[in-house]
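Subject: Structure handover and notes on side-chain contacts

Dear colleague,

I am passing on the structure we spoke about, together with my notes on it. Please look through the coordinates first and then read on.

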Amino acid sequence: MSLDRIALRGLRARGRHGVLPAERELGQEFVIDATLFLDTAPAAAGDDLTATVHYGELAEELTRVVSGEPVQLIETLAQRLAEVCLAYEPVVKVEVSVHKPAAPIPLPFDDVVVTIERSRV
């Protein structure tokens with residue numbers, strides 16, 4: 001069975017994640033991309049929001065995680081975000097990317113991104 005996708009891209013939230021004390025103190029913007037893999041046919045057949053993922057509510061939950069308890073690694077943050085996505089019953093698999101465009105790197109760069117995939121199995 002092939003799975004459908006719901007993607008939320010470019011969600012921005014301020015958080016205090018990082019290893020350096022200044023990152024924890026000042027905070028910075030993080031950008032989140034989440035792709036949920038699920039079967040949307042039941043929702044489509046009944047035009048039923050409760051049979052799919054309400055992406056507005058998901059965006060609010062993900063933002064709360066980013067704004068919440070700080071962690072040192074964006075890998076840890078990505079894991080927490082994936083767990084939020086997988087808490088939605090129809091979601092079978094998720095791909096989450098955490099962008100840290102203001103990472104403390106003393107060289108010119110565009111972005112730092114950690115991407116993980118997690119599934120229910």
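The notes below cover the nonpolar core, the salt bridges and the aromatic rings, in that order. Please keep in mind throughout that this is a predicted model.

The core

The largest nonpolar core holds 31 residues, and the members that touch the most others within it are L62, L81, V96 and V98. At least two residues of this core come from each of β1 (4-15), β2 (28-38), α3 (55-67), α4 (74-86), β3 (91-99) and β4 (113-119), with α4 giving the largest share, namely 8 residues. If you would like one place from which to inspect the packing, what does L62 touch once its neighbours within four places in sequence are left aside? Its contacts are then L8, L11, A34, L81, V84 and C85, and L81 is, like L62 itself, among the four core residues that touch the most other members.

The salt bridges

The structure contains 3 salt bridges, and I describe each of them in turn.

In one of them K100 pairs with E23, where the closest N and O atoms are 2.6 Å apart. This pair joins distant parts of the chain, since K100 sits in the loop between β3 and β4 while E23 belongs to helix α1 (residues 21-26), a separation of 77 residues. Are the two partners buried or exposed? Both K100 and E23 are buried.

Another salt bridge is formed by the side chains of R80 and E69, at 4.0 Å from N to O, a value that lies right at the 4 Å cut-off for such a pair. Because R80 is in helix α4 and E69 is in the loop between α3 and α4, the pair ties together parts that are 11 residues apart in sequence. R80 counts as partly exposed at 28% relative accessibility, whereas E69 is exposed, its relative accessible area being 56%.

The remaining salt bridge brings together the side chains of E117 and K93, at 3.7 Å from N to O. E117 lies in strand β4 and K93 in strand β3, so that this contact ties together parts 24 residues apart in sequence. Both count as partly exposed, E117 at 45% relative accessibility and K93 at 28%.

The aromatic rings

K93 appears here again, as it lies over the face of F37 at 4.6 Å from the ring centre. Between the aromatic rings themselves, by contrast, the count of pairs comes to 0, with 6.5 Å between ring centres as the limit for a pair.

With best regards

Methods
Residues numbered from 1 in each chain as written. Predicted model: local features only at pLDDT ≥ 70, side-chain atom pairs only at ≥ 80, totals over all residues. Heavy atoms only, no water. Phe/Tyr/Trp six-rings, centres within 6.5 Å; stacked < 30°, edge-to-face > 60°. Lys NZ or Arg CZ within 6 Å of the ring centre and 35° of its normal. Core = buried A, V, L, I, M, F, W, Y, C linked by side-chain atoms within 4.5 Å. Buried < 20%, exposed > 50% of the residue type's maximum accessible area, 1.4 Å probe, protein only. Helix = DSSP H or I, 4+ residues; strand = E, 2+ residues; numbered from the N terminus. Contact = heavy atoms within 4.5 Å.
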